[in-house]
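Colleague: Please take a close look at a single residue and its surroundings. I would like one connected account.

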Amino acid sequence: MAELKEADAAQLHQEDVDIKRRDGGDAPSAADQTAGQTEKNEAAADSDNKPSTTTAERHISIQTKLEGLELLVDLNGAGRKSCPLCPEEKFKACYSHKLRRHLQNLHWKVYVEFEGQRMCICHLPCRNLKPSLSGDQASGRHVAHYHCVVCSVTIARKTDMISHLKRHVNKGETEASYSGSSDVPFEEPAAPSGQAYEIMKELGTNVQLLPNHTTPQKSDTYFNRKMKTNRQLVFCSLAVLAEERNPLECLDAFGATGIMGLQWAKHLRNAVKVTITDISDTCVKMIKENCQLNHIRVDGGSRGPRGPDGAGGEVEGTPIATVEVAKMDANVIMHLRPFDYIHLDPFGTAVNYLDAAFRNVRNLGIISVTSTDTSSLYSKSPNVTLRHYGCHIVRTEYYKELAARMVVATVARAAARCNKGIEVLLAVALEHFVLVVVRVLRGPTQADESAKKLRKLVHCQWCEERVFLKLGNMVDDTLPCNCHGSLPGKTAVQLGPLWAGPLFNTGFLRRMLSAAVQHSMDDIQPLVKTLICESECTTLKSLVHGPSALTNQVECGVVIKTLQSGDEAADQSGKRKTGDESGNVVKKLKSDASLEHPPFYYSIHRHSIRGMNMPKLNKFLQYLTEAGFRVSRTHFDPTGVRTDATLVQFKSVLTKYSVPTYTNATATQTSVSAEKTL
């Protein structure tokens, strides 16, 4: 009762003070100022006790060196001392030499290191009590734990802490949230100030990145540094199309930071009219700021046709190009406007945007599709694969090429629904993505020709022999292997439907190599050279990327103009070939190229013989060539060999040139047995 009376009296006193201030406007007394200051200090203390999202103090168990852990207690002084990381009931006070051994063996020896910071094990009551067997938490015990240097969470096991830190690295949260010497508040990622951004330069183009740009779940402007190869391949394909006709209407449907569209505009200038779209307001704002950073004029994003010079906000200095930036859904803008080049790179699968992409793409235009859902493409989630791509696949030795052919098959079906066919120019499957570049051919005839190349694949699960299934053939009779006859049960499965046609166009790849050399893209030149050898199924290493490489290019049923003069193009009789004759030659070359390219590859490690030393890969390619087969390396697998030989022929050559592992021991045993016989 006395406490209630005191509280009522204090409340009445505060009301009287407020009434006096309103009526008389008197200044507050010194006692009131002291009381107010006390209340503010208490509120600040309460706010400090709460977990803050902007600042955090580093726990004492996180140190960089052992000396820092020993400095927590004066080990040079006399008398008994307590451990700074253990409660009194767990480790009693002891002398300095014993405490030093305790810190080294119990706390420092089992630390977890992350970016130079070592998280030692802590026994302080930082976590809730672990309940006892009877369920009573009050009689429980404290659990040893680690303090995360990034998010300050406490984790009991060392292995769990290591896995926790790996998740931080995968999300891009690699910078510690603590600064031991400063209390500067953490700036939010969406801060409008340009100082909060990170400037990154790629292919001569500067872009601003948010601090959490590597985490798509936490940032709208996602940027992946590992996709640099993908961006350069897409740029080279656009540069090749810009040589055929210009200006091009090209679309970057998922802008994010806008780096891909800005690279197109900055290097190809007037040859392209770039449109960058994104559905996020943050991304659109970031793209416009990146345009100003690269001295590129921003178009307002009107839906009508643009003038040759474009329109939009002026930037400082003379703009080098014009880019249209629009806040619009990718499906909407592809339905509204036609384009010559469309690039689809969503986060995950791109099957939801293929119908809209083929709706208004111009004839002989190019569509490039980047799929990053590697779990479904690489047979880790077969249910998702069946739902998105309508294909049944299993894990095989050639799973990357299987994924590329599956994406091409999905693209071909989407094109056929719009009465259009495709010609595959490029198909690349690397660790992080699958890139497919196709040329669009209008007409139901072209659509029918593309649909005929969708076939089922018969795969032997025992020896991994494979062959595309033809109409009217039984499964066991189709495979050249004899596994179904020598082993009980069914050994073959049907996969697909998949794309059974070629995956590369040699002429297009050669011109991509020329574009890569012209724009100083040294990173992808070895990859493009490998693709050229793979498309020709040859081991030729010397590739010419000059003007002579631009001859004899046949693409999509038309002859692309080259640097040859009219006299060189004429035949020996001095007469030019007529249109019908040249068309027949083109069709013949195209059909021959389709038949000659062998599908899939064999892994030399998968089919190695036990107890035998295999020859070197380059030597083995030479042996296959001498045996009369066409062979080449493949970018899908560093140990893969693409050849027109069957698996039986492949194994016979491999067995012939393999050497037994214990050659010397066998020879010694043979000589000993011969002496005993004598």
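Modeller: What follows centres on S658 and then turns to the helix before it and to model confidence. This is a predicted model: local features need pLDDT of at least 70, side-chain atom pairs count only at pLDDT 80 or more, and totals for chains, interfaces and linings use all residues. Residues are numbered from 1 along each chain as its sequence is written, and side-chain values use heavy atoms, with hydrogens and water left out.

S658 sits in the loop between helix 22 (647-656) and strand 25 (659-660). Helices (H or I, at least four residues) and strands (E, at least two) are DSSP runs, numbered from the N terminus. S658 counts as buried because its relative accessibility is 9%; buried means under 20% relative accessible area (1.4 Å probe, protein chains only).

Leaving aside residues up to four places away in sequence, S658 touches I609, M612, N613, M614 and P615. Contact here means heavy atoms within 4.5 Å. M612 is 46 residues away along the chain, yet its C-alpha atom is 5.8 Å from that of S658. A polar atom of the S658 side chain lies 2.5 Å from the backbone oxygen of L654.

L654 also belongs to a helix contact. Helix 21 (residues 617-626) and helix 22 pack with their axes 10 Å apart, at an angle of about 120°. The contact is made by F620, Y623 and L624 of helix 21 and F650, V653 and L654 of helix 22.

Now confidence. Mean pLDDT (the predictor's confidence in each residue, from 0 to 100) is 77 for the protein, and 70% of its residues reach 70 or more.

Key: Buried < 20%, exposed > 50% of the residue type's maximum accessible area, 1.4 Å probe, protein only. Polar contact = N/O pair within 3.5 Å; in protein donor to acceptor, adjacent residues only side chain to side chain. Axes fitted to C-alpha atoms, helices over the stretch in contact; angles between N-to-C directions.
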